[in-house]
Amino acid sequence: MEVHSDPFIWGDGEGLTFDGVGFEDCYRSIVFVSEIERQSELAIKRCRFLLPSQAAGPLGISNTGSAIQIEGLEGSEVNALLDSLDIRPSDQLFKGSGITVYARGNSINSIPAEVHCEIRGSKIGPSSEGSYEVDGAAIEMMSSLRALADVKLVSSQLLRCHGDGLIGESKGVSDHDTDSRCVLTIVGGMAKKNGLAESTTFPRLSQTGYMESNFASALMGADFSNSGIHLAANEYGIWPNVSFNQFRSLENGVHGVNLQSTGAYEFKIGFADVDVFSTILSTNGSYAHGQGTPGHGFYALMDKDSLNADFSRALMRDNLTSGARVDFSNHEEQNEKTSILVFANSVFTKNLGLNVVADRNRAPLVIQENSEYLDAVIQISHVTIVDNQSPYAVSVFNNTLSTQTQTDMWASGSLVENSILRDNGLADKDTSFYPEPNDPLWAAIFAETYFSNLEATGIANPGFYTTDRQNLYDDPQLRPLVFQGIDFGTTIPATPSTNPSGLSPIGDRGRLPIVSIVGTLDVRGSPRNTDHASFPNFENLWTHDLGAIEVESDE
């Protein structure tokens, strides 16, 4: 491998390619800035970046930069491929970030820039446990001044960075700059053990003079959050698409995924299409636990903004507080936006419900607002929520109201179907939903709950929970499931081969789902419409098991 120890290599033009090169003790190993109104190509393959060592000090080399810096200027298009890279600190804490990607114009009237960056099969972080770590983020990305930053992350590892595994912001700078966009696509790979220590630095893209831009208003405003993935949108910037596919965000300090948006009623939704597919968000929140703050598998804070998100075949388990939580705040009366949140073929289990006040905040799935002007369509289909340390399975409430009289949080189209929402009890509270019976919001939720296995004991009067709409209250007879090395908890219905003394009452008990993203596969990717010989088909019609797990014919 050819080795470079130059302060940095500057690229400004049509293209730059490196293959099989080692970069050592470099402040900024590669800086690639496109020319205005040009199309440029950058390819870096099979390269190792050893971030500045203590020995580099006498050379005047700082250790606060980034290994690779990519910037798209006004009217330019940059296409970058970063393939099979190894970016790691050497013999001291690296106080910068691994890769920075920035798309910007020169003013709000400039021709938009586009940066498309694919990072494939790469590892950013220490070489092993106990090695020196990255104080910033593995990846920073940002768009401003009517530009597009598009990052695709494939089969890559973001490991042990103090700030975040990945931090990104879409930031317009005025009400004339509403076209700043970021797009993030993650396929495979993981963000693991990020944010376990407090970062002593700030994002590189928040610091004047680091990038070529001198527009202070266009610098990143978001700060590190000690999470696996942290994405932010200000009121003029948007993320039109964010996709997590077969991704794992594990053991991060605060949240597995953290979305933040500050919107305004007259502008577009900050996060209009978030897809969480076949993804595991697990064991997040250890740093938050020490700070006395919540830590969730997935967390979204939408200030004056809405959120559209689909969770399909997701596993959220062992997180400090909730598996998923969405907070809406400060919605205005003139805000006509509606949020759509869909959960299908997913498992919430063993989440701990810690570091929050009030039982309703302990639920593994929490959706909360603190205003009176939010419309939310919430759909829960073929979801298993069991064995969490919470009085409730699902908690939907308005934080500003003493009684839950507002039903707009359960707008037309909301429903629960074919799901298992039980056995999450603490003390004498063991109900499926918050709010509890007698509140109008509870009545609205229960009126649209179909073919589901519910709990109705504890302080809730069982008389309120009825068998209308084919809901049932029997013990589901679930058994532990480990599939292809993944522990799904106690979630699979019992059959004679797994429990000779009992048969689960939820086998072949569901209806044909109304929620379209349920599709034909369960959370494991196994066929959904399996007619197990041990289960009688409900009303001789359907063969769907309740919950996220479909028992296969040989189980």
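This section describes the fold, confidence, main pocket and two buried sites of a predicted model.

The chain contains two helices and 43 strands. Of its 555 residues, 61% are buried. Sequence-distant pairs dominate the contact map: among contacts with a separation of 6 or more, 81% join residues 24 or more positions apart. The exposed surface of the chain comes to about 19000 Å². Carbon and sulfur atoms supply 48% of that area.

Confidence was examined next. The mean pLDDT of the chain is 85. A value of 70 or more is reached by 82% of the residues. Over residues 55-61, the pLDDT is below 50. This stretch has six contacts in the model beyond near neighbours in sequence. The pLDDT is also below 50 over residues 210-214. Beyond near neighbours in sequence, residues 210-214 have 20 contacts in the model.

The largest pocket holds about 300 Å³ of space. Its lining consists of 17 residues. Nearest the pocket centre lie Arg248, Ser278, Ile280, Ile486 and Val523. By class, nine lining residues are nonpolar, five are polar and three are charged.

Two buried positions were then considered in turn. Thr491 belongs to strand 43, which spans residues 486-493. Its relative accessibility is 1%, under the 20% cut-off, so Thr491 counts as buried. Leaving aside residues up to four places away in sequence, Thr491 touches Val347, Thr384, Val386, Leu478, Arg479, Leu481 and Ile549.

Ala363 is placed in a loop rather than a strand. That loop runs between strand 31 (347-349) and strand 32 (365-369). Ala363 counts as buried because its relative accessibility is 0%. With residues up to four places away in sequence set aside, the contacts of Ala363 are Ser322, Ser390, Tyr392, Ala393, Val394 and Ser395. One of these partners, Ser322, is 41 residues from Ala363 in sequence. In space, the C-alpha atoms of Ala363 and Ser322 are 6.1 Å apart.

Note on methods. Residues are numbered from 1 along each chain as its sequence is written. This is a predicted model: local features need pLDDT of at least 70, side-chain atom pairs count only at pLDDT 80 or more; totals for chains, interfaces and linings use all residues. Side-chain values use heavy atoms; hydrogens and water are left out. Helices (H or I, at least four residues) and strands (E, at least two) are DSSP runs, numbered from the N terminus. Buried means under 20% relative accessible area, exposed over 50%, partly exposed in between (1.4 Å probe, protein chains only). Contact means heavy atoms within 4.5 Å. Accessible areas come from the Shrake-Rupley method with a 1.4 Å probe; for residues, only the protein chains shown count as cover. On a 1 Å grid over the protein atoms alone, a cavity is a set of points where a 1.4 Å probe fits but cannot get out, and a pocket is an open set with protein on both sides within 12 Å along at least five of seven lines; lining residues have an atom within 4 Å of a point. Grid points are joined across faces, edges and corners, and a volume is the space filled by probe spheres set on the points. Ala, Val, Leu, Ile, Met, Phe, Trp, Tyr, Cys and Pro count as nonpolar, Asp, Glu, Lys and Arg as charged, and the others, Gly among them, as polar. pLDDT is the predictor's confidence in each residue, from 0 to 100.
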